[in-house]
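This report describes selected features of a protein model. It is intended to be read alongside the sequence and the coordinates.

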Amino acid sequence: MAGDDDTNLHAPLPAIPGVTFRRLHGTDDYPLLVAVHEGSRDADGIDPRSTLEWIPTAAEFGEEFAPSARFDPSRDVLIVEAYGHVIGYSYVTWWIERDGLRLYLLLAALLPAFRGSGIGSALLEWAERRARQRHAQSTATGSAMFGANASSTEADATRLLLDHGYRATFELLEMEYASAASTADLPLPPGITLRPAAPEHYRAIWDSVQAAYAESPQNIVPDEEQYRRWLAQPSFDPSLWQVAWEGEAIVGQVLPEIARGRGEIAEVSVGQRWRGKGLARALLLRGIYAVQERGATPIRLHCRADNRFGAPALYESAGFRTLKRFARYRKPMA
């Protein structure tokens, strides 16, 4: 592996006794990667019902590692073994944000028993080299950064990122609905109606969600591939959706779903003209009620801690309480 220039550029992976690095072997590796996450559950405080962290299944690895314009599983994944057993991995993907920044997200997992030995640093440094290579091969002309994630209970990952020059840019809050029952009869603002979401509305609902984030520079610029993935996700259930219309225009949406043994309010957004008029709250309470009607508990959601429209306060007023914080780290690409 050390001489594999297209993966490692000009810096070889370190020689650690008993440790080898290799490429992804395909679907046979997926259960082994699941086991890495299972083995890290207690040390990292992983909540299997979280909206932001969980124990991925082999099928979910298949979806995550599907080839795309942003991801090549034969080049963008590094597996690490100790004495013939998979103990961790790292991979790289990327996207372009609304301000033109190209973010290379570096993700990894390593069994706790092998941390502190230089393997975690090797995985992170390999991912940075791979991201630099991908950027050099692109036609991008704007700025680029590395990105990485760590929750408030992932002490080892947090320390590793800080030691390698990463700094927290913003935090996400995961929240859980803590009230006994919701009130779904909060009146809608005048001129607003609800309609069942039909297939002919899906594109317009998607476009309405994206338009609501147009002023947020650290959000991904959506593309057709993301739209198709959204339609194909197993938790896609328009029968739960609360979509607000003004005449023939969509002006807001709350999109609940049920997955991983709990409900989730996966999206809350309204158009700029309707903010501050009670629409988001009315849709949110109806979404909570729809999930409760299906018997799915708990109900979770997540949002940015610094949301400019006051989302955390809205959710707290509706009965949600913060469970955990998830930092999003960045580092300039030198």
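The sections below treat model confidence, one helix and several salt bridges.

## Model and confidence

The model is predicted, with local features requiring a pLDDT of at least 70 and side-chain atom pairs counted only at pLDDT 80 or more, whereas totals for chains, interfaces and linings use all residues. Residues are numbered from 1 along each chain as its sequence is written, and side-chain values use heavy atoms, leaving out hydrogens and water.

The average pLDDT (the predictor's confidence in each residue, from 0 to 100) is 92, and 95% of the residues score at least 70. Residues 1-10 have a pLDDT below 50, yet this stretch has 27 contacts in the model beyond near neighbours in sequence; a contact means heavy atoms within 4.5 Å.

## Helix α2

Helices (H or I, at least four residues) and strands (E, at least two) are DSSP runs numbered from the N terminus. Helix α2 comprises 15 residues, 30-44, and its end C-alpha atoms are 20 Å apart, in agreement with the 21 Å expected at 1.5 Å a residue. That expected span is 1.5 Å times one less than the number of residues.

Y30, L33, V34, V36, H37, S40 and D44 of α2 are buried, a term for under 20% relative accessible area (exposed is over 50%, partly exposed in between; 1.4 Å probe, protein chains only). These residues cover an arc of only 150 degrees around the axis, so they lie on the same side of α2; the arc is that of the directions from the helix axis to the C-beta atoms. The elements covering them include α3 (58-64), β3 (85-96) and β12 (320-332). Just after α2, G45 adopts a positive phi of about 65 degrees.

## Salt bridges

The whole structure contains 26 salt bridges, each defined by a side-chain nitrogen of Lys or Arg within 4 Å of a carboxyl oxygen of Asp or Glu. One of them joins R300 and D47, at 3.0 Å from N to O. Because R300 belongs to strand β11 (residues 299-304) and D47 to the loop between α2 and α3, this pair ties together parts 253 residues apart in sequence. R300 is buried, at 4% relative accessible area, whereas D47 is partly exposed at 21%.

Within helix α5 (residues 155-163), R159 and D156 are three residues apart, about one turn of the helix. Their closest N and O atoms are 3.2 Å apart in a salt bridge. Both R159, at 46%, and D156, at 32%, are partly exposed. A network of salt bridges links these two residues with D44 and R115.
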